[in-house]
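Please open the structure in your viewer and keep the selection tool at hand. The stops below say what to select next and what is to be found there.

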Amino acid sequence: MSENKTSPEQSRRIRVLVAKPGLDGHDRGAKVVARALRDAGMEVIYTGLRQTPEMIAEAALQEDVDVVGLSILSGAHMALAPRILDLLKANGQSHVKVFLGGIIPDEDLPRLKEMGVTGVYGPGANTEDIINDIRGALAEKA
Amino acid sequence: MLAGDRLSLARLLTRVENDSPEGRAALVELFPYTGKAHLIGVTGAPGTGKSSLVNQLALHYRRQADQRVAIVAVDPSSPFTGGAVLGDRVRMRDLSGDPQVFIRSMASRGSLGGLAQATAGMVQVFDAAGFDVILIETVGAGQSEVDIARLAHTTLVVEAPGLGDDIQAIKAGILEIADILVINKADRPGVENTERALKSTLELAHPAQRIFLHHGQVMEVKSGDLRSAQGDISTMWIPPIQKTVSTEGRGIPELVEAIARHAEHLRQSGDWVARERARLEVELEMLIQEALLARFREDVPAQKVQQVIEQMVKRDLSPWEAVKSLMNGRSK
């Protein structure tokens, strides 16, 4: 037990908020990812469907997360993602890495990256990749 | 943090949860500011509706009494990977957007006693930050819930109809820690049975134990032989049974009133101070154990421990002798 306590993994567990902004009701993807991250040893806070950007930013603040994962299948990502990024910044959480999953057309990728989205994943993405990308992005920061 | 900055509060909670040196230092500084909040524990089997109930209670405290509410929602960590999915916020969406409510999800992280300690620390932070009511939600499954209940001034145990077998299982441990019993989902069939089962358990269990916690206002217990055994029955607290339907908010005002009555009872009977004292005693004990263990590990090389284990495996040394030899090694 004492060894566990001093290992870095234990002293700072990766905390991830998985949220579904907007109005589409398909949360299968979000749940699959939440589970995969759990199995990778992360603490996942799942907020459920139909969250406003304000609700998501507030939850990210209260939970002091390292990562926010957004699942958007409604096509509204170009409106929702920047709003959430702005709110995170306004709350002093610009260090939080934002990942995006769902139906995201390729032509939107450059602009999303520019806004500050760390990673974007579509159908067929490998959960291993998502896990590694999250770990990588956080290691960079440290 | 004391000035009400939510980001600092969130960060500090993380440090305290991780038991980092900064977290410990902060707890030392904040301690003088603690001791004002009403700590309410909410526990019960999975699926009884604890999160929804906490949601409703918090709403009520906000609307009716304009009190600042903090919620610590504990969900289990996987014992295999250490990961967790914390889903209590899903049921608490009514509370988002209210800056006077702060919800923090917490994974149990599966360490012995560590959960209670981390929770105690986080509760102290909320207390110092000026929250009036702190709701601590845990899955009722065993010892850690009992430990966490010790933290709280008032403990609600939540049941639901149709979980008959669970009630049987819970009777032994969880029911004894209840200050108030809540039958949630009381619009479901079978409420009468659940209520009857709880009532009869209470009547059997309570007079024999926790005499000093009884209260006279719910006088369903036949008190003929009690009176002689325990003196003044009017100062005893008998856990009331409250029925709620938390999805509709039914029974919530009555429950809040019962919680207030319990707080009043604790203050008048002097139990508030007694509980506070017991709580701090437990906390002190936990910290001493941890400090002693840490010192032991510092003083005794791991190699030596391994040697002793080898001797034990060979049956050259009994566990008791092993402890003796290691402790002696320490004092040198």
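Begin in chain A by selecting α4(A), which lies across β1 (15-19), β2 and β3 (67-72) of chain A and runs at about 160 degrees to β1(A). Please keep in mind throughout that this is a predicted model.

**The sheet shared by the two chains**

Next, select the strands of the open sheet, six in number, which follow the order β5(A)-β4(A)-β3(A)-β1(A)-β2(A)-β3(B) with parallel pairing. At its edges stand β5 (117-121) of chain A and β3 of chain B, and because each has a single partner strand, one side of each is left without a neighbour in the sheet. If you look along the sheet, the twist from one strand to the next averages 20 degrees.

At the chain A edge, select strand β4 (residues 97-102) of chain A together with β5(A): the two run parallel and are joined by four bridges, and V98(A) has V117(A) in β5(A) as its bridge partner.

Then move to the other edge, where β2(A) pairs in the parallel sense with strand β3 (residues 84-86) of chain B over three bridges. To see one of the facing positions there, select E43(A), which stands opposite A84(B) in β3(B).

**Where the chains touch**

Now widen the selection to the whole contact between the chains, to which chain A brings 28 residues and chain B brings 29 residues. On the side of chain A that touches chain B, the elements giving two or more residues are α3 (28-39), β2 (43-46) and α4 (53-63) of chain A. Which of them gives the most to this side? That is α4(A), with seven residues, the helix at which this tour began. If you colour this side of chain A by class, you will find eleven nonpolar, eight polar and nine charged residues.

**Into chain B**

Select chain B alone, which has twelve helices and eight strands. Of its 332 residues, 41% are buried. Among the contacts in chain B between residues at least 6 apart in sequence, 71% join residues that are at least 24 apart.

Helix α1 (residues 6-17) of chain B is a suitable next selection: it has twelve residues and reaches 16 Å from its first C-alpha to its last, close to the 16 Å expected at 1.5 Å a residue. The buried residues in α1(B) include L9(B), L12(B), L13(B) and V16(B), and also the charged-end residues R15(B) and E17(B). Just after this helix, select D19(B), which takes a positive phi of about 55 degrees.

**An enclosed strand**

Finally, select strand β6 (residues 154-159) of chain B, which is largely enclosed by the rest of the structure because six of its six residues are buried. In a regular strand the side chains alternate between the two faces of the sheet. Both faces of β6(B) are covered, with T154(B), L156(B) and V158(B) buried on one side and T155(B), V157(B) and E159(B) buried on the other.

To see the neighbours of this strand, add strand β1 (residues 38-44) of chain B, which pairs with β6(B) in the parallel sense over five bridges, and strand β7 (residues 180-183) of chain B, which pairs with β6(B) in the parallel sense over four bridges. A good residue on which to end is V157(B), which is the bridge partner of T43(B) and which has L181(B) in β7(B) as its own bridge partner.

How values were computed
Residues numbered from 1 in each chain as written. Chains lettered and ligands numbered in written order. Predicted model: local features only at pLDDT ≥ 70, side-chain atom pairs only at ≥ 80, totals over all residues. Buried ≥ 20, exposed ≤ 12 C-beta atoms within 10 Å, placed from the backbone. Contact = placed C-beta atoms within 7 Å. Nonpolar A, V, L, I, M, F, W, Y, C, P; charged D, E, K, R; others polar. Pairing = 2+ DSSP bridges. Expected span 1.5 Å × (residues − 1). Axes fitted to C-alpha atoms, helices over the stretch in contact; angles between N-to-C directions.
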